[in-house]
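This report describes one protein chain, moving from a covered helix to the fold as a whole and then to individual residues. The sequence and the structure come first.

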Amino acid sequence: MTRAVEHEYDVVVLGAGPVGENVVDRARAAGLSVAVVESELVGGECSYWACMPSKALLRPAIARSDAGKVPGLRQLVQGPLDAAAVLAHRDYYVSNWKDDGAVGWLDSTGAHLYRGHGRLRGARKVAVDGPEGERHLLTARHAVAVCTGTRAALPELPGLTGARPWTSREATSAHRVPGRLVVVGGGVVAAEMATAWQALGSRVTVLVRGKGLLPRMEPFVGEHVADALTERGADVRTGASVTAVVRDGGTGPVTVVLDGGDHVEGDEVLFATGRVPRTEDIGLETVGLEPGSWLPVDDSLRVTGSDWLYAVGDVNHRALMTHQGKYQARIAGAAIAARATGVSPLETDRWGAHAATADHAAVPQVVFTDPEAGSVGLSLAEAEQAGHRARAVDLDLAAVAGAGLYAHGYRGHARMVVDLDRETVLGVTLVGPGIGELLHSATIAVAGEVPIERLWHAVPAYPTLSEAWLRLLEAYRDGRGDRDGRGDRDGRGDRDGTGTS
């Protein structure tokens with residue numbers, strides 16, 4: 001049996017995805033020595049099987065759709081996408097699934113990379129089983145950070161395993177366009193991949209067990225996205241529960257059987273039915289934790305009950321998005337460094353330097369469907385459930401002059417949720433072409449708890465989509481657009497670009 005070589009570092013990081021990389025960056029910037037353990041590609045899920053490849057697939061679809069709504073361009077973009085070129089573009093953005101560039105960056109930080117499977121072996125110790133039988137035992141003087149992320153969850157259904165279903169990984173890395181794609185699920189992965197593969201030429205059927213797409217956002221968002229998919233030829237079915245999957249021999253067409261006996265046939269089936277933490281085989285049992293469990297943490301990302309173990313990113317189940325995990329990593333790295341150097345007390349108060357407050361109050365998300373959807377902070381229902389005295393103001397985005405210039409026949413919707421006691425914005429939700437770039441202004445308003453009276457002085461440039469902010473504020477002031485989604489449709493005065501403010 002190979003003897004383990006022992007090494008000691010200030011910090012040991014399990015997982016070299018974007019979250020782990022940011023923990024490394026913050027710890028090294030503080031002068032701490034760092035080891036990072038990775039069993040797959042440095043750069044992680046986001047770089048090779050999630051954020052980057054999915055958006056590379058989606059961008060041509062959205063660009064063509066937008067161009068098709070602009071006079072003078074419409075007739076030039078009527079043909080199908082060049083699927084081979086789109087897939088090659090995707091391959092470029094994932095570096096053809098090679099991590100040389102990411103390894104080069106990691107090396108530049110001075111951190112030490114260990115390739116292999118890392119497992120906890122008691123307090124502050126990590127054993128690494130590397131290639132060719134290499135074994136290393138790493139000891140952390142100050143902290144171990146678990147940044148192993150999540151993997152796709154597959155339900156227990158008859159025939160599913162042998163049917164070779166797609167998960168998010170196969171959906172973002174496939175090298176051919178299936179003639180028929182069945183998508184099971186109604187969340188972000190389901191909506192985005194239905195959009196991408198439909199644009200690339202698949203006949204898409206979406207099976208949603210619940211009432212609609214994107215159920216974690218305001219209800220009108222899923223309605224807009226489902227309508228757009230349907231108009232382009234997709235079959236979107238709600239209240240559809242899958243009971244079995246049939247694929248003889250694991251090849252050829254696949255049949256998805258529904259509750260009630262109906263069935264749908266496809267050439268591939270994508271199950272986008274949630275995520276589970278990648279903690280089932282990292283030695284949690286050696287430190288009194290349950291293998292395969294989510295890891296609860298405090299706002300400095302330290303695991304509950306521990307003074308040395310941190311769980312950062314998806315594994316803590318606070319906000320399963322890459323940008324939020326990277327935010328947590330910056331907070332965790334700062335907290336680890338502060339504790340290692342004896343800083344006391346830490347700034348763990350709300351919005352403090354060592355508190356991931358945004359996980360509770362200002363989580364932004366963009367869904368890159370066509371139309372795009374975005375939200376930050378609380379929905380109206382969430383605000384009311386949290387005990388806020390809240391008011392929602394709705395706006396038809398077509399009322400904004402910049403929307404008509406962006407796309408002929410623009411369709412979109414915005415909602416602002418206001419805390420009536422503090423007169424601050426609790427949340428914003430948007431759906432419509434091009435709204436992804438509007439979301440950060442909303443995030444600043446929510447995270448900064450900017451008073452409504454001050455937002456009046458943040459003047460949006462004319463004519464841009466950002467003028468939605470002015471229209472929402474006007475509707476709030478005048479008591480229009482409250483909760484009914486009608487918004488401001490009068491188009492008079494400076495609303496149509498003919499008057500002055």
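Which strands and helices are included in what covers the buried residues of H15? In this predicted model, the cover includes strand S19 (390-396), strand S20 (413-419) and S21, together with helix H13 (439-447) and helix H14 (452-455). Helix H15 itself runs over residues 468-478 and is mostly covered, nine of its 11 residues being buried. The buried residues of H15 are Ala468, Trp469, Leu470, Arg471, Leu472, Leu473, Glu474, Ala475 and Tyr476, a list that holds the charged residues Arg471 and Glu474. After H15 comes Gly479, which has a positive phi near 75°.

Strand S21, which is part of the cover of H15, spans residues 424-431 and contains Thr424. Thr424 counts as buried because its relative accessibility is 5%, and the cut-off for that class is under 20%. Beyond its neighbours within four places in sequence, Thr424 is in contact with Val417, Val418 and Asp419, and also with Glu449, Val450, Pro451 and Ile452. Between the C-alpha atoms of Thr424 and Leu32 there are 40 Å, the two residues being 392 residues apart along the chain.

**The chain as a whole**

The protein chain has 15 helices and 21 strands. Its radius of gyration is 24 Å, which agrees with the value near 23 Å that a compact globule of 501 residues would have. Along the principal axes, the C-alpha trace spans about 80 × 60 × 40 Å. Of the 501 residues, 54% count as buried, and of the contacts with a separation of 6 or more, 64% are between residues 24 or more positions apart. The chain exposes about 22100 Å², of which carbon and sulfur atoms supply 51%. As for charge, there are 51 positive and 63 negative charges, and their mean positions are 1 Å apart.

**Aromatic pairs**

A pair of aromatic rings is described by the distance of the centres and the angle of the planes. The structure holds five aromatic pairs, among them the two in the table.

| Pair | Centre to centre | Angle between planes | Class |
|---|---|---|---|
| Tyr9 and Tyr114 | 6.1 Å | 80° | edge-to-face |
| Trp166 and Trp197 | 5.6 Å | 55° | tilted |

The pair of Tyr9 and Tyr114 links distant parts of the chain, since Tyr9 is in strand S1 (residues 5-14) and Tyr114 is in strand S3 (residues 112-115), 105 residues apart. Tyr9 is buried, with a relative accessible area of 11%, and Tyr114 is buried as well, with a relative accessible area of 5%.

The pair of Trp166 and Trp197 counts as tilted because its planes are at 55°, an angle that is neither under 30 degrees, as for stacked rings, nor over 60, as for edge-to-face ones. This pair also links distant parts of the chain, 31 residues apart, with Trp166 in the loop between strand S7 (150-152) and helix H6 (168-173) and Trp197 in helix H7. Both Trp166 and Trp197 are buried.

**Gln198 in helix H7**

Helix H7, which comprises residues 188-199, is also the place of Gln198. Is Gln198 buried or exposed? With a relative accessible area of 12%, Gln198 is buried. Not counting residues up to four places away in sequence, Gln198 touches Val204, Leu229, Arg232, Gly233 and Ala234.

Technical notes. Residues are numbered from 1 along each chain as its sequence is written. This is a predicted model: local features need pLDDT of at least 70, side-chain atom pairs count only at pLDDT 80 or more; totals for chains, interfaces and linings use all residues. Side-chain values use heavy atoms; hydrogens and water are left out. Helices (H or I, at least four residues) and strands (E, at least two) are DSSP runs, numbered from the N terminus. The radius of gyration is taken over C-alpha atoms; the globule rule is 2.2 Å times the number of residues to the power 0.38. Buried means under 20% relative accessible area, exposed over 50%, partly exposed in between (1.4 Å probe, protein chains only). Contact means heavy atoms within 4.5 Å. Accessible areas come from the Shrake-Rupley method with a 1.4 Å probe; for residues, only the protein chains shown count as cover. The place of a charge is taken as NZ of Lys, CZ of Arg, CG of Asp or CD of Glu. Rings of Phe, Tyr and Trp (its six-membered ring) pair if their centres lie within 6.5 Å; planes under 30 degrees apart count as stacked, over 60 as edge-to-face and the rest as tilted.
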